[in-house]
Amino acid sequence: MSQLAIEVKGLVKQYKIMERDAGLKGAIKALFTRKYRIKEAVKGIDLSIMPGERVGYIGFNGAGKSTTIKMLAGVLRPDAGSVHVYGVDPHEERVKNARQIGAVFGQRTQLFWDIPVRESFDLLREIYEVPRDEFQETVTWFIERLQLDPLLDVPVRQLSLGQKMRCELAAAFLHRPRVVYLDEPTIGLDIDIKETIRAFIREISDAWGTTVILTTHDMQDIEEVCDRVIVLDEGRIIYDDRIETLKQTFNNERTLEITLDEGSTFTLPPAVTGLVMRLETEEETIQLAFNHHEISSGQLIREIVNCNQVKDLSVVVPKMEALIRNLYKTGVSA
Amino acid sequence: MKLRKYIALAVSQIKVDMAYAAWYWASMFSVTMRLFILYFFWQAVYENKTEVSGIALSTMLTYAVLATMLDQFRGSAGRELAHLIKHGGVAIELLRPYHLLDKLLAQDLGAKTSTFFRATLPLLVIAMLFIGVDPPTSIEAASAFAVSVVLAVLLATLIDLLVGVLSFYTVNVWGLSVLQEAVITIMSGALVPLTLFPDWFQTISLYLPFASLVYVPVAIYTGEITASGIWPSILIQLGWVAAFFIFVRLLFAYAVRKVTVFGG
C-alpha cells in the first residue's frame, strides 16, 4: 500500500477571542470581566495528499488556510480530528516531524537575521544534521537556480524582499524535506522573481518528489506550479480536484466587453435575454458573461451590434482568477 | 540530544555579537563608569572607618567589582523568547528540529562566552589596575568560585527564561520583566553584600533563589562565606538550577499545547 504524504481527518480548530466593549469604558470593564467568543476557524476538514503532489490551497483571507497549515506543521494543536504527515503526528512528535518538513511563512523570516546568508545555510545544515557532501551538492544547485551567488555574503537584514524570498525558499528546501509548506511565497514580488520561484518549486519537487502545499492569492502561481486545487471557504473545503478538471468545468465561460459610442445607451437585445448576465463593473465598458455552449460568441456579437452603436468589443476567456471567483459564488462542492 | 547543533548555535551567536561594535563600546563604557562610581561611593562610605559590618574597604571593593562583573551575565534569553512570542516568530522556531529552550540556552551561553572574553576580562584588568581587587583567599575558594559562577550564570538564564515562557500567557511581559530586574538587583547582592541588610531581609533571601546569582559566588571568593559554608552554598545553587530547569521545561511544554500562535 502506498503511504499518503498527508492524511487529515475531521480537523477542527477553534479560537477564543476576547471581546470587549469599545472605548475607555470598555477597556476598564475588560480588566475585571472577560468575555470570550469562540470562533471556529477550521470546521472539519478531510484531506488525502499523495507523495509528490503539488497542491494549491486557496481561499479568502480568514478562510482558515494558515490555521490548517500551522496544524499540518505541528505549530498549532487541533481541537479535534487527526493529522498525519508520513505517519507522524506533527504536534505530538513535533521535532521528528520538523526534520521531514520545510516551510516558508510569507512575511516571517526563518533565516538568521544578523548573519550572512551563507552562514545561515551552514547553521541550518547543523540544525537539520545534513551530511556535508549532500549539503554541498544541494547548495550548489540552489545557488545556480535562484541566482544566489551575489547574496551569499550579505547579512539577511540587508536583503531586499525579492532577494530574501529566494534565500528563504532555498532554506526551506536545504535539508531535502519530504513536504514543504509555502504560505504566500510570491507576495509582493515582481514578475521575474515570481517566475524564478515557480520554476524552482516545480524543478525541485519533480527531482525529489517533494510534496508541496502552496497558499497564495496569485492564481498564476497555482496555474503554473500546482496540479491540484483545494478551495477553502469559512473553514470548509468547497472544492478539491485536479486543476485540469477545474479549467474544464468553466471552460465555456466567456465575457464580452463592449464600449459604446459616446452618448448612446445600451440596449439588451431580446433574443439573448436569459442567456447572458450583465456583470457589475466599475469600468466604462459593459461586460456580459455568457456560456459559449448556450450561445456562440459570433451570434451574441451579431445581436449586440444590431441593437447598439458599438465602438469596440472583445471576447475574454476567463483566467484562473475568474474561475475561482466563480467557485466562491456557485460553491461547486467537491 | 545532539550537542553539535547547539554548539553551532552558540558559536553563531558569538559571531553575531562581534558584528555590533558600537553597542559593544557603549556597554564597555557604561560598565567602566559604573565601576568608578562604586569606587568613589565606597571610598566615601569608608572615609572615617576601617570597616563596615566587619568588612574592610579592600574586601568591599573586591566584592563590588566582582558583583558588577557577574551582574553583566543576567542574560537575554527570556527577552528573546518573549519577543518571539509577541511577534509570532515562535511559529518558525517550533518548525525546527530542536528544543526551543535548548536553542535559547545555547545562544545565551554563546553570548555570555563572548561577553566574558570581550568585556569581563578587559574590565577586570582595568579594575585591578585602578581600583584594586584582592586575590582569592585560598585555592579552594578560587576553584569553588569558578564552579559557583557557572551555576550562577546558568540560574540567571533559567530565571530569565521563566519570565519569557510566561509571555505565552500574558503576551506583554514588560511589567514582569521590570519587576524581575529590580528584585534581582537588590536581592542577588549585585549592589551591596546581603550581609549589610537587616536580619529579616537576610532570612528571606536565604529561602529565595536570587542570592545564588551574585552574592554566593562573590562571597565565596572574598571569604565571607567560609570554608565550611562553601559546599552547602553550592549545593543550594545546584538545587535551584535543577528546580528552575525542570519547572521551565514543564511550563513550556504545557504552554505549547495550550497556546495560540499569533498572526496570520
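Which residues does B:Leu155 touch, not counting residues up to four places away in sequence? Select B:Leu155 and you will find B:Pro209, B:Ser212, B:Leu213, B:Gln237, B:Trp240, B:Val241 and B:Phe244 touching it (contact means C-beta atoms, placed from the backbone, within 7 Å).

Before moving on: this is a predicted model, where local features need pLDDT of at least 70 and side-chain atom pairs count only at pLDDT 80 or more, while totals for chains, interfaces and linings use all residues. Residues are numbered from 1 along each chain as its sequence is written, and chains are lettered from A in the order in which they are written.

Next, select helix H7 of chain B, residues 139-170 (helices are DSSP runs of H or I, at least four residues, numbered from the N terminus). H7(B) gives 17 residues, the largest share, to the largest nonpolar core. That core has 135 residues, and B:Ala152 and B:Leu155 have the most contacts inside it. A core here is a set of buried Ala, Val, Leu, Ile, Met, Phe, Trp, Tyr and Cys residues joined through C-beta atoms within 7 Å; buried means 20 or more other C-beta atoms within 10 Å of a residue's own.

Now show H4 (77-86) and H6 (100-130) of chain B, whose axes come within 9 Å and cross at roughly 135° (axes are lines fitted to C-alpha atoms over the stretch in contact, with angles from 0 to 180 degrees between N-to-C directions). H4(B) is therefore oblique to H6(B), being outside the ranges under 35, 65 to 115 and over 145 degrees. B:Ala77, B:Glu80 and B:Leu81 in H4(B) meet B:Leu104, B:Leu105 and B:Asp108 in H6(B).

Last stop: the contact between the chains, with 22 residues from chain B and 26 from chain A. H1(B) supplies eight residues, the largest share of chain B's side.

Notes: Helices (H or I, at least four residues) and strands (E, at least two) are DSSP runs, numbered from the N terminus. Two residues are in contact if their C-beta atoms, placed from the backbone, lie within 7 Å. A residue is buried if 20 or more other C-beta atoms lie within 10 Å of its own, exposed if 12 or fewer, and partly exposed in between; C-beta atoms are placed from the backbone.
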